[in-house]
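Biologist: I would like to learn how to read a model of this kind, one feature after another. Could we start with a single residue and work outwards?

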Amino acid sequence: SVSAPFSRGMGQWWNAAGVVGLLRVLRQPSLAVPHLAVQDIRSVDFAALRRAGVRAVVFDKDNTLTAPYAPTVYPALEDAWRECRAAFGRDHVALLSNSAGSPDDADYAEAKALQESLDVPVICHTQKKPLCGDDVNRHFPALKSEEIAVVGDRVLTDVVMGNLHGMFTIHTQLLTTRGDNKAAAVIRVLENATLRLLRAAGYESPPHPARADASKFTSRR
């Protein structure tokens, strides 16, 4: 049988949806540019984001909210995590992972475990990021896409998915290299280098009602 860590690693190494996302970026480079870039979620003023009209926040898991493959919030982020849930409410904060809740997650066992440990819903999806934006919209049926923020450390999955669907995108840097999937680490370096080149070439994030105020959503803590 295939071990769980090996299976998750292969899932991060081969992502057919990610290849499709890359092709979309080649045609429309601005899809890879986030509306806001921060070191980690401690730098996000979630209350200000809420006042600007964002009504829900969707988080990537590994190296955005938790250490790789860890079931709990990264210790340094616990206060920011509480502030986010206080600003938006538990039902308007969710997790979207390319492992938990994905087709690789047998019986959604990992998704169920994370819902218990993180105390927020995990969005189950039939396609991997960046092609599962419709699943996010179905999870928040009363909200418009522009009222949803996506937070993640990966450009070609998290940022591209949010931008493809008109959501507000927040790009974070990785939390720790310890336990990081090697393939994902290499791809992340390439993604960040590409993002720097795009910005140097003058590409901006796609239009969004909150884009002009993005600099106001950073916390000074």
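Biologist: Does aspartate 40 count as buried or exposed?

Modeller: A residue is called buried under 20% relative accessible area, exposed over 50%, and partly exposed in between, with a 1.4 Å probe and protein chains only. Aspartate 40 has a relative accessibility of 5%, and therefore counts as buried. Please keep in mind that this is a predicted model, in which local features need pLDDT of at least 70 and side-chain atom pairs count only at pLDDT 80 or more, while totals for chains, interfaces and linings use all residues. Residues are numbered from 1 along each chain as its sequence is written, and side-chain values use heavy atoms, with hydrogens and water left out.

Biologist: Where is aspartate 40 placed, and which residues does it touch beyond those up to four places away in sequence?

Modeller: Helices (H or I, at least four residues) and strands (E, at least two) are DSSP runs numbered from the N terminus, and aspartate 40 sits in the loop between strand S1 (36-37) and helix H3 (46-51). Contact means heavy atoms within 4.5 Å, and, with residues up to four places away set aside, aspartate 40 touches Leu77, Thr172 and Leu175. A polar contact is a pair of N or O atoms within 3.5 Å, where within protein one must be able to donate a hydrogen and the other to accept it, and where residues adjacent in sequence count only if both atoms are side-chain atoms; one such contact, of 2.7 Å, joins the side chains of aspartate 40 and arginine 42.

Biologist: How should I read charged pairs, and how many salt bridges are there?

Modeller: Side chains of opposite charge can pair when their charged atoms come close. A salt bridge is a side-chain nitrogen of Lys or Arg within 4 Å of a carboxyl oxygen of Asp or Glu, and by this rule the count comes to 14. In one of them, aspartate 79 and arginine 82 meet at 2.2 Å, N to O; both lie in helix H4 (residues 78-88), 3 residues apart, which is about one turn of the helix. Aspartate 79 is partly exposed at 46%, and arginine 82 is partly exposed at 46% as well.

Biologist: Which parts of the chain does the pair of aspartate 158 and lysine 129 tie together?

Modeller: Their side chains meet in a salt bridge of 2.6 Å, N to O. Aspartate 158 belongs to helix H7 and lysine 129 to the loop between H5 and helix H6 (133-139), so the pair links parts that are 29 residues apart in sequence. Aspartate 158 is buried at 2% relative accessible area, and lysine 129 is likewise buried at 2%.

Biologist: Why can helix H7 be described as largely enclosed?

Modeller: Of the 10 residues of helix H7 (residues 155-164), 9 are buried, so the rest of the structure largely encloses this helix. Among the buried residues are Val155, Leu156, Asp158 and Met161. Glycine 166, which follows H7, has a positive phi, near 75 degrees.

Biologist: Finally, how many helices and strands does the chain have, and how do I judge its overall packing?

Modeller: The chain has 8 helices and 5 strands. The radius of gyration, taken over C-alpha atoms, is compared with a globule rule of 2.2 Å times the number of residues to the power 0.38; here it is 16 Å, close to the 17 Å that the rule gives for 221 residues, so the chain is as compact as a globular protein of that length. Of those 221 residues, 51% count as buried, and residues 24 or more positions apart account for 74% of the contacts with a separation of 6 or more.
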